[in-house]
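Trainee: Could you take me closely through the site around the ligand, and through the pocket that goes with it?

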Amino acid sequence: MERPDKKNIVIFASGSGSNAQRLLEHFEHHPQIRVAALFSNNPNAYALKRAETFHVPALLFSRDAFYNTGEVLEQVKSFHPDLIVLAGFLWLVPQNFLQTFPDKIINIHPALLPKYGGKGMHGLNVHTAVVQAGDAQSGITIHRVNEEYDKGEFILQAHCPVMPGDTPEVLAARVLELEHKHLPEVVEKLLLK
Ligand code: GRF
């Protein structure tokens, strides 16, 4: 299953997994990089099905296995990740992961951090806050993960306009398009540099 000649991406996703899908597609036939596994904390996450469609191992885990027993850490290690990508993953990453994979964990956030980040700032909450604030621009931030939500070093930001009359849903769709465009490129660059 695993070929040591390729770099390994491990994805964590809690929801739909459209960003995971973009990574699965982008690296499906890539000569140097593969998606080695997708992990989810949510049994209803459509992301799990997307991984299965690509014949990528899809692993469901519990809070206890993630935070207390070290089981998830051991499972992730077995895939020898060169990069761990949080693509719509809603739980805070524990210390043992940060220590084992320093600088190897990245997250994608659907706003221009440091604004609109932190606990609870995910999904439509983010876009609702941006629309209510009347900001002229929104965008995405791809950043390294540390012990606080949405606080790690920025890797890339990309912008899009907020149009007059945008609903949070309309803005979400525009931002998601940016995510889909940039995430595979950034992941590839990080792994091949
Ligand atoms: C994306 O907006 C991502 O930035 C955020 O969660 C959302 C996940 O969307 N962290 P999807 O599950 O990849 O479709």
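Mentor: What follows goes from the shell around the ligand to its polar contacts and then to the pocket. This is a predicted model, in which local features need pLDDT of at least 70, side-chain atom pairs count only at pLDDT 80 or more, and totals for chains, interfaces and linings use all residues. Residues are numbered from 1 along each chain as its sequence is written, and side-chain values use heavy atoms, with hydrogens and water left out.

The ligand is surrounded by Ser16, Gly17, Ser18, Asn19, Gly88, Ile108, His109, Pro110 and Glu179, where a residue is near if one of its heavy atoms lies within 4 Å. By class, this shell holds two nonpolar, six polar and one charged residues, with Gly counted as polar. Both α1 (18-27) and β5 (105-109) supply at least two residues of the shell.

Among the polar contacts (pairs of N or O atoms within 3.5 Å), a polar side-chain atom of Ser18 lies 2.5 Å from an oxygen atom of the ligand, while a polar backbone atom of Asn19 is 2.8 Å from a ligand oxygen atom. A nitrogen atom of the ligand lies 2.8 Å from a backbone N or O atom of Ile108. Of the 370 Å² of accessible area (Shrake-Rupley, 1.4 Å probe) that the ligand has on its own, the protein covers 83%.

The space taken by the ligand is the largest pocket, which contains about 730 Å³ of space. Its lining has 36 residues, of which Gly88, Phe89, Leu90, His122 and Gly123 are the closest to its centre.

Technical notes. Polar contact = N/O pair within 3.5 Å; in protein donor to acceptor, adjacent residues only side chain to side chain. 1 Å grid on protein atoms, 1.4 Å probe; cavity = no way out; pocket = protein on both sides within 12 Å on 5 of 7 lines; lining within 4 Å. Sits in = over half its atoms within 2 Å of the grid points. Helix = DSSP H or I, 4+ residues; strand = E, 2+ residues; numbered from the N terminus. Points joined across faces, edges and corners; volume = space filled by probe spheres on them.
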